[in-house]
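User: I would like to learn how to read a ligand site and some backbone features in a model. Where should we begin?

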Amino acid sequence: MTSAGPVDLSVKIGALRLRNPILAASGTFGYGLEFAHIVDLNRLGGFVTKGLSSEPIEGAPPPRLHPTPSGLLNAVGLQNVGVRAFVAEKLPVLRKFDTAVIANVFGYTLEDYIEVIRVLEDAEGLAGYELNISCPNVKKGGLQFGSDPSQVSEVVTAARRAASKRPLWVKLSPLVTDIGLIARSAEESGADALTVANTYPAMALDFRTGKSRLGYSTGGLSGPAIKPITLRLVWETRKAVKTPIIGLGGVETAEDVLDYLSVGASAVQVGTASFADPKASERLSGTLTKVLELLKVFTLNEIRDRFVAENS
Ligand SMILES: Cc1cc2nc3c(=O)[nH]c(=O)nc-3n(C[C@H](O)[C@H](O)[C@H](O)COP(=O)(O)O)c2cc1C
């Protein structure tokens, strides 16, 4: 049934209420502060910080970005200031804004993840954590945490125990045979929401020189090229679990947002689009309202109900 009245963009992700379903994605929005003079942070659903590690990381040699048809290849090497500098220097300034700040957490061992969360637990001003499990586990021969259900269970269970104060989102790797299996493992281990998904391992080279277009041999592919692939992953995840899903991959327009919501996401993140238009995430909440008004849809649940009705 269509409700009357103005469009309500607010969403609940577990216990966390967001003013709208659009967040800026990790690694494409710095620590938020770099964008604060261009983007009204108070109008976003929220944003996810650059991945934070227990110690600072210098990152990959240049070039770090290479545009491909309909996509972007990156190898940043998870450069970041380290969790302690984030808490001491960035978080006090971020507290002045009325937006949900989600801290993206990563590590190369289980202990790394727990150490980052331990430091963040003592700090004020965060709305939640997002666990990036697309990292190699150096103690397991470099196998990605996110590619094996038992490793997912181990890292999410430990993170859940450490993160007693705030919601824990788990960001899945798209590089898996059965995303439903991984999603169930994260859900059973205590994830409050699942972020689907990270970039796709890919490469580009210059055959004249034989050299990679990036400072590393390979990188991660993002942008419009990956949207249809990730849309399916969100749909598969929705069928496997009840946990809220945040969808991301190639979101540029209000229609992209509605596609992700239709297949079962509760919210979306905007990554690569912010490079071409830093205001992309802020702009999208305005255009989403207009599109919903045209559709005479006034709550986001109605979008999901439509797709389910058509495809059940
Ligand atoms: C330059 C760059 C850096 C990124 N850094 C991170 C990161 O630190 N942690 C993380 O979980 N994802 C990171 N990502 C992945 C994005 O958050 C997102 O999952 C991916 O780009 C797909 O969304 P998009 O197509 O809208 O960009 C990065 C992506 C890009 C393009």
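Analyst: A residue counts as near a molecule if one of its heavy atoms lies within 4 Å of it. Here 25 residues surround the ligand, and S26, K171, G223, G250 and T272 come nearest. This is a predicted model, in which local features need pLDDT of at least 70, side-chain atom pairs count only at pLDDT 80 or more, and totals for chains, interfaces and linings use all residues. Residues are numbered from 1 along each chain as its sequence is written, and side-chain values use heavy atoms, with hydrogens and water left out.

User: What is the make-up of the shell around the ligand?

Analyst: Ala, Val, Leu, Ile, Met, Phe, Trp, Tyr, Cys and Pro count as nonpolar, Asp, Glu, Lys and Arg as charged, and the others, Gly among them, as polar. The shell has eight nonpolar, 15 polar and two charged residues.

User: Which polar side-chain atom lies 2.8 Å from an oxygen atom of the ligand?

Analyst: A polar contact with the ligand is a pair of N or O atoms within 3.5 Å. The side-chain atom belongs to K171. Backbone atoms take part too: a backbone N or O atom of G271 is 3.0 Å from a ligand oxygen, and a polar backbone atom of A197 is 3.2 Å from an oxygen atom of the ligand.

User: How much of the ligand does the protein bury?

Analyst: Accessible areas come from the Shrake-Rupley method with a 1.4 Å probe. The ligand taken alone exposes 610 Å², of which the protein buries 97%.

User: Which residues have cis peptide bonds?

Analyst: Omega is the angle to read. The bond from P62 to P63 is cis, with omega near -5°. Helices (H or I, at least four residues) and strands (E, at least two) are DSSP runs, numbered from the N terminus; P63 falls in the loop between β4 (46–48) and β5 (65–68). V196 and A197 are also joined by a cis peptide bond, with omega about 10°. A197, the residue with the backbone contact to the ligand, lies in the loop between β12 (193–196) and β13 (200–202).

User: What is the phi of L78?

Analyst: L78 has a positive phi of about 55° although it is not a glycine. L78 is in the loop between β6 (71–74) and α1 (83–94).

Conventions:
A polar contact is a pair of N or O atoms within 3.5 Å; within protein, one must be able to donate a hydrogen and the other to accept it, and residues adjacent in sequence count only if both atoms are side-chain atoms.
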